[in-house]
Amino acid sequence: MQRYIIHVDMDAFYASIEQRDNPQLLGMPVIVGGLSNRGVVATASYEARKFGVHSAMSMVEARRRCPQAVCITPDHRKYSFVSAQIRNILDRYSPLVEPLSLDEAFLDVTGMDGLYADPADIARSIKADIKEQLQLTASAGVAVNKFLAKLASDLQKPDGLYVIRPGEEAKVLAGLPIRRLWGVGEVTAASIAKLGIRTIGQFAATDPKLLEGYIGRAVFDLQQLARGIDDRPVVPDQQVKSIGNEETFEEDLYQWEEIEKQLLLFADKVGWRLRKLNLSGRTVTVKVRFASFRTVTRSRTLDEATSLDGVLYHTAKELYKSIPANEGIRLLGLTVSNLQPAGQSIALFDSGQEKQEVLHKVVDGLKARFGSAAVTKGRLIDPHK
Ligand code: DCP
Ligand code: MG
């Protein structure tokens, strides 16, 4: 049976949500990203992209290129919520949905021709649902495998639909730059360019023995892709491996009180996310990047998995204290891994822990109703504000 894969990718995801939720921003250049001097652009609306603003650019540079843009701090919780709504829509079209990030996913729709005459109709219908139910646009690619579907979804952005029919692969690929091949980064592209090869078509037609000298054994897989061959299956829902939070500070931290406060804030956030996903974790990792960019991580595996802020906080604090520090701190992070479904632990809860869990449930309920800012531990509230 002919395999059919759809790749769906939202257009200017964070920025489109902000524009939708504040219609004054429709049609205007919008940049979403960190607003501090060290801030980085997460994404920009298509209006702002005309000025050369793009993801991962420094905010300072983005503002220089497009001074009239409206700049907005990311609201990750809102984006996750929309992401879950998109997921609900996708789940109605196939049991095989593999999310790649908050705003993109693969669907395997092989064998659904009993319901739809053409797999492109499924993609059309998904796009229409997203527009109607969420007032957002998505671009979709339809092809016989993941590589081609992802490539296709990007060819007519925004609000695009691109179908690569079986047999058309070579024609579509031939003129595209080799950077479009999965796994070809700047370095690989530069080595291949030394041979005068710039397009996927040229790459596919070159003797692999010659290429191997330049880019190693990867050439064999890459040439398969260049011919439009890719057998990787759509893997539904890869398990979350870890949950964490980290932050680069506008100014380096020196004071223990500030560091302690950050760790408490992270423990609070990470604990909340664990509980929301009904998970707990056994391994706690603290990451520290110093002003000199030296980066140190320290981990500890607990006897029992936890999702409790207090346990995370105390473990993080001890881990932090085990790292010798003699310079300012540029970045701090806290991650929990070794995850398992909550409540699976064999050890019996003592009554103290049970009380804690009940308390957390109540607090999480309040946060869900009134926003996380409404319910914060006393110590996190800044007396100056
Ligand atoms: N993102 C980010 N930092 C990056 C890249 C992306 O924070 N370096 C976030 C913001 C994006 C979202 O992830 O809105 C999705 O990433 P995409 O690469 O799909 O970019 P967009 O959806 O914003 O735009 P496009 O229309 O090109 O897909
Ligand atoms: Mg996108």
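## Buried residues at the metal site

A residue counts as buried when its relative accessible area is under 20%, as exposed when that value is over 50%, and as partly exposed in between. In this predicted model, both D9 and D103 are buried by that measure.

These two residues also take part in holding a metal, since the magnesium ion (ligand 2) is coordinated by D9 and D103 through OD atoms and by M10 through its O atom, at 2.0 to 2.2 Å. Written along the sequence, the donor residues follow the spacing D-M-x92-D. The pair of D9 and D103 links distant parts of the chain, because D9 belongs to strand β1 (residues 5–10), whereas D103 sits in the loop between β5 (97–101) and β6 (104–108), 94 residues apart.

The arrangement around the magnesium ion (ligand 2) is octahedral, with angles of 80 to 177 degrees among its 6 donor atoms. For comparison, the ideal angles for six octahedral donors are 90 or 180 degrees.

## The second largest pocket

D9 and D103 appear again in the second largest pocket, where they are, together with E104, D154 and K157, the residues that lie nearest the centre, out of 27 that form the lining. The volume of this pocket is about 500 Å³.

Several elements contribute to the lining, with at least two residues each from β1, α1 (13–21), β3 (41–44), α2 (46–49) and α6 (146–153). The largest share, 4 residues, is supplied by α6. Sorted by class, the residues lining the second largest pocket are 12 nonpolar, 6 polar and 9 charged.

## A cis peptide bond

K157, which is among the residues nearest the centre of the second largest pocket, is joined to P158 by a cis peptide bond, with an omega of about -10 degrees. P158 itself is placed in the loop between α6 and β8 (161–163).

## Two residues with positive phi

Which residue in the loop between β1 and α1 deserves a closer look? It is A12, whose phi is near 35 degrees, a positive value in a residue other than glycine. A12 counts as buried because its relative accessibility is 6%, which falls under the cut-off of 20%.

F293 is likewise not a glycine, yet has a positive phi of about 80 degrees, and its place is the loop between β10 (279–290) and β11 (295–306). Since its relative accessibility is 47%, F293 counts as partly exposed, a value that lies between the 20% and 50% limits.

Terms used: Residues are numbered from 1 along each chain as its sequence is written. Chains are lettered from A and ligands numbered from 1 in the order in which they are written. This is a predicted model: local features need pLDDT of at least 70, side-chain atom pairs count only at pLDDT 80 or more; totals for chains, interfaces and linings use all residues. Side-chain values use heavy atoms; hydrogens and water are left out. Donors are N, O and S atoms within 2.8 Å of the metal (3.2 Å for Na, K and Ca); water is not among the atoms, so sites may look incomplete. Four donors count as tetrahedral if all angles lie between 85 and 135 degrees; four count as square planar and six as octahedral if opposite donors are over 155 degrees apart and all others between 65 and 115; anything else is irregular. Buried means under 20% relative accessible area, exposed over 50%, partly exposed in between (1.4 Å probe, protein chains only). On a 1 Å grid over the protein atoms alone, a cavity is a set of points where a 1.4 Å probe fits but cannot get out, and a pocket is an open set with protein on both sides within 12 Å along at least five of seven lines; lining residues have an atom within 4 Å of a point. Grid points are joined across faces, edges and corners, and a volume is the space filled by probe spheres set on the points. Ala, Val, Leu, Ile, Met, Phe, Trp, Tyr, Cys and Pro count as nonpolar, Asp, Glu, Lys and Arg as charged, and the others, Gly among them, as polar.
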